[in-house]
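Welcome, and please load the structure in your viewer so that we can walk through it together. Keep your selection tool at hand.

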Amino acid sequence: MENAADINESECCTRFDGEGERKSHHSDKVKSNLVSRLNRIEGQIRGVKGLIEKDTYCDDVLNQIAAIQSALNSVGKILLEGHMRSCVIERIQSGDQEVIDELLVTVNKLMK
């Protein structure tokens with residue numbers, strides 16, 4: 001499994017669109033990796049829906065849900081690592097200490 005450290009172009013950089021909204025820019029390689037993972041997760045979710053429609057044994061469905069949650073966590077880890085290695089560092093270096101509070105809120109949400 002690839003993570004952000006495995007992908008040299010993983011770093012995202014914060015930029016602002018024409019309306020002052022923050023955006024991230026990820027390399028094509030990282031985007032492709034994340035989209036592939038999310039497509040797989042989407043398929044897994046459709047599979048779980050099918051299992052429920054077929055009255056599949058609850059434990060089997062729960063195991064599939066656990067696999068989906070793990071896959072989503074992997075996507076989150078890749079994004080978080082890239083965010084910390086670039087966006088967060090850039091903002092701290094520019095004197096923006098609020099990014100630490102923002103990051104802590106996000107990490108707390110991810111760890112629920």
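Start by selecting Arg-91, a residue of helix 2. Helices here are DSSP runs of H or I with at least four residues, strands are runs of E with at least two, and both are numbered from the N terminus. A word on what you are looking at: this is a predicted model, in which local features need pLDDT of at least 70 and side-chain atom pairs count only at pLDDT 80 or more, while totals for chains, interfaces and linings use all residues. Residues are numbered from 1 along each chain as its sequence is written, and side-chain values use heavy atoms, with hydrogens and water left out.

**Stop 1: around Arg-91**

Is Arg-91 buried or exposed? Arg-91 counts as buried because its relative accessibility is 14%. The cut-offs are under 20% relative accessible area for buried, over 50% for exposed, and partly exposed in between, using a 1.4 Å probe and protein chains only. Now show what Arg-91 touches: leaving out residues up to four places away in sequence, you will find Arg-22, Asp-96, Val-99 and Glu-102. A contact here means heavy atoms within 4.5 Å.

Next, add Asp-96 to your selection; Asp-96 forms a salt bridge with Arg-91, and their closest N and O atoms are 2.9 Å apart. The rule for a salt bridge is a side-chain nitrogen of Lys or Arg within 4 Å of a carboxyl oxygen of Asp or Glu. Then add Glu-102, which forms a salt bridge with Arg-91 at 3.1 Å between the closest N and O atoms. Arg-91 lies in helix 2 and Glu-102 in helix 3, so this pair ties together parts that are 11 residues apart in sequence. Arg-91, Asp-96 and Glu-102 are thus linked in a network of salt bridges.

**Stop 2: helix 1**

Select residues 28-53, which are helix 1. Try the distance tool on its end C-alpha atoms: they are 37 Å apart, which agrees with the 38 Å that 26 residues should span at 1.5 Å a residue. The expected span is 1.5 Å times one less than the number of residues.

Zoom in on Arg-46 and Glu-42, a salt bridge whose closest N and O atoms are 3.7 Å apart. These two are separated by about one helical turn, because they are 4 residues apart in helix 1. Arg-46 counts as exposed at 53% relative accessibility, and Glu-42 as partly exposed at 43%.

**Stop 3: the loop**

Move on to Asp-55, in the loop between helix 1 and helix 2. Asp-55 is not a glycine, yet its phi is positive, at about 60°. Asp-55 is exposed, with a relative accessible area of 69%.

**Stop 4: the core**

Which residues make up the largest nonpolar core? Select Val-30, Leu-34, Ile-41, Val-48, Val-61, Ile-68, Val-75 and Ile-78, 8 residues in all. Helix 1 and helix 2 (58-93) each supply at least two of them. A nonpolar core is a set of buried Ala, Val, Leu, Ile, Met, Phe, Trp, Tyr and Cys residues joined through side-chain atoms within 4.5 Å. The buried residues of helix 1 pack against helix 2.

**Last stop: the whole chain**

Zoom out and follow the chain from the N terminus, where the elements run β-β-α-α-α. That comes to 3 helices and 2 strands. Of the 112 residues, 24% count as buried.
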